[in-house]
Amino acid sequence: AHLWQGNLPALVPDPTSDRGAEFFRNYYKVLRAADVDLVKVDFQNWTESYVAGRVPLFQALNQSVTNFHAAAFEAFGDRVINCMSMGQNTLFSLRSTNVVRNSLDYLLPAGPIGHRRHMLNNIFNALLVSQVAYPDFDMWESYGPFARAHSVLRAISGGPIYLTGDVAKQNWPLMQRLMLADGTILRTDAPVLPTRDGLFVDAGQVPVPLKGYARVGPTGIIGAFNALEDGGAVNGVVRARDVEGLKGERFAVYEHFSQRLVVADPNQAI
């Protein structure tokens with residue numbers, strides 16, 4: 001009674017009325033009974049494929065998002081991540097949740113290029129998504145050659161931090177640097193955004209660092225990454241002025257991994 005015959009063919013929660021919400025209510029009751037306390041709802045834009053040519057897309061996707069949000073809020077409150085929902089028809093239909101996956105899947109395409117594209121996509125896509133929701137940079141593995149880079153990216157993302165992969169391989173000391181002793185995740189005040197000097201530079205093709213900035217109170221954070229797809233070295237500079245809105249004439253600039261500390265004016269290249 002709560003399903004609708006879509007294209008392909010497929011039965012989907014009814015995207016033409018609030019009947020579709022009852023499917024999610026029944027489903028989420030089962031999850032809550034099993035002590036699930038958060039859901040990540042994928043394939044939201046895929047609803048287009050089921051309704052194309054039969055129902056106006058925005059109308060159907062808006063109703064679909066409204067349906068599952070109503071049911072999810074009853075079961076999980078705001079503990080919901082929206083996934084595959086960066087298309088306008090779903091991104092601008094958000095109701096009671098405001099976390100949206102911000103990029104292609106982690107590790108797709110596989111290999112080093114996939115990791116580098118994942119970093120670049122997330123920092124640049126945050127320009128759009130952060131106007132509407134908190135960007136979710138997706139799950140990640142805290143082991144392997146790109147684990148440290150992903151940890152830095154998550155540290156400045158402003159969004160949720162959670163793992164995938166083999167539990168036995170996870171680097172728990174690395175994870176613990178992203179949270180307090182009680183498990184509270186350390187977050188920036190707002191999502192990371194690309195620095196102004198890199199807005200029109202493709203750091204995947206040009207040998208310069210991919211840079212993003214974020215704020216924590218009166219201080220600034222800059223993440224600098226090697227996203228060059230051919231795997232070569234990159235060279236570039238950071239400046240205090242890379243952090244938009246940072247106030248002051250002299251800054252203590254600390255590089256985490258080398259533990260190098262310098263005092264610089266806003267325009268000084270480091």
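What is the order of the three strands in the open sheet, and how do they pair? The order is 7-8-9, and the pairing is antiparallel. Keep in mind that this is a predicted model.

**The sheet and its edges**

Strand 7 (193-194) and strand 9 (219-225) sit at the edges with a single partner strand each, so one side of each has no neighbour in the sheet. Strands of a sheet pair through backbone hydrogen bonds, in either a parallel or an antiparallel way. Here, strand 7 and strand 8 (residues 210-216) run antiparallel and are joined by two bridges. If you want a spot to look at, find Pro194, which stands opposite Gly212 in strand 8.

Leu193 is part of strand 7 too. Is Leu193 buried or exposed? With a relative accessible area of 19%, Leu193 is buried, because the cut-off for that label is under 20%. Leaving aside residues up to four places away in sequence, Leu193 touches Ile123, Ala126, Leu127, Ser130, Lys211, Gly212 and Tyr213. Met175 is another story: Met175 and Leu193 are 18 residues apart in sequence, and their C-alpha atoms are 23 Å apart in space.

**Two helices side by side**

Ile123, one of the residues touched by Leu193, also turns up where helix 5 meets helix 6. The axes of helix 5 (residues 112-129) and helix 6 (residues 147-155) come within 11 Å and cross at roughly 10 degrees. Angles under 35 degrees count as roughly parallel, and the two helices are therefore roughly parallel to each other.

Which residues make the contact? From helix 5 come His115, His118, Met119, Asn122 and Ile123, and from helix 6 come Ala149, His150, Leu153 and Arg154. Sorted by class, this contact has four nonpolar, four polar and one charged residues.

**Salt bridges**

The count of salt bridges comes to ten. Here are a few of them, with the N to O distances.

| Salt bridge | Closest N and O atoms |
|---|---|
| Lys40 and Asp138 | 2.8 Å |
| Arg196 and Glu244 | 3.0 Å |
| Lys211 and Asp242 | 2.9 Å |

Let's take the Lys40 and Asp138 pair. Lys40 lies in strand 3 (residues 39-41), while Asp138 is in the loop between strand 6 (134-136) and helix 6, so this salt bridge ties together parts that are 98 residues apart in sequence. Lys40 is partly exposed, at 26% relative accessible area, whereas Asp138 is buried at 3%.

Next comes the salt bridge between Glu244 and Arg196. Glu244 is in the loop between strand 9 and strand 10 (251-255) and Arg196 is in the loop between strand 7 and strand 8, so the pair ties together parts 48 residues apart in sequence. Glu244 counts as partly exposed, with 26% relative accessibility, and Arg196 counts as exposed, with 60%.

Then there's Lys211, which forms a salt bridge with Asp242. This pair links distant parts of the chain, with Lys211 in strand 8 and Asp242 in the loop between strand 9 and strand 10, 31 residues apart. Both partners are buried: Lys211 has a relative accessible area of 7% and Asp242 one of 6%. Elsewhere, Glu22, Arg25 and Glu74 are joined into one network by salt bridges that share partners.

Lys211 brings us back to the sheet, since Lys211 is also among the residues that Leu193 touches.

Conventions:
Residues are numbered from 1 along each chain as its sequence is written. This is a predicted model: local features need pLDDT of at least 70, side-chain atom pairs count only at pLDDT 80 or more; totals for chains, interfaces and linings use all residues. Side-chain values use heavy atoms; hydrogens and water are left out. Axes are lines fitted to C-alpha atoms, for helices over the stretch in contact, and angles run from 0 to 180 degrees between N-to-C directions. Helices (H or I, at least four residues) and strands (E, at least two) are DSSP runs, numbered from the N terminus. Angles under 35 degrees count as roughly parallel, over 145 as roughly antiparallel, 65 to 115 as roughly perpendicular and the rest as oblique. Contact means heavy atoms within 4.5 Å. Ala, Val, Leu, Ile, Met, Phe, Trp, Tyr, Cys and Pro count as nonpolar, Asp, Glu, Lys and Arg as charged, and the others, Gly among them, as polar. Two strands pair if DSSP finds at least two bridges between them. A salt bridge is a side-chain nitrogen of Lys or Arg within 4 Å of a carboxyl oxygen of Asp or Glu. Buried means under 20% relative accessible area, exposed over 50%, partly exposed in between (1.4 Å probe, protein chains only).
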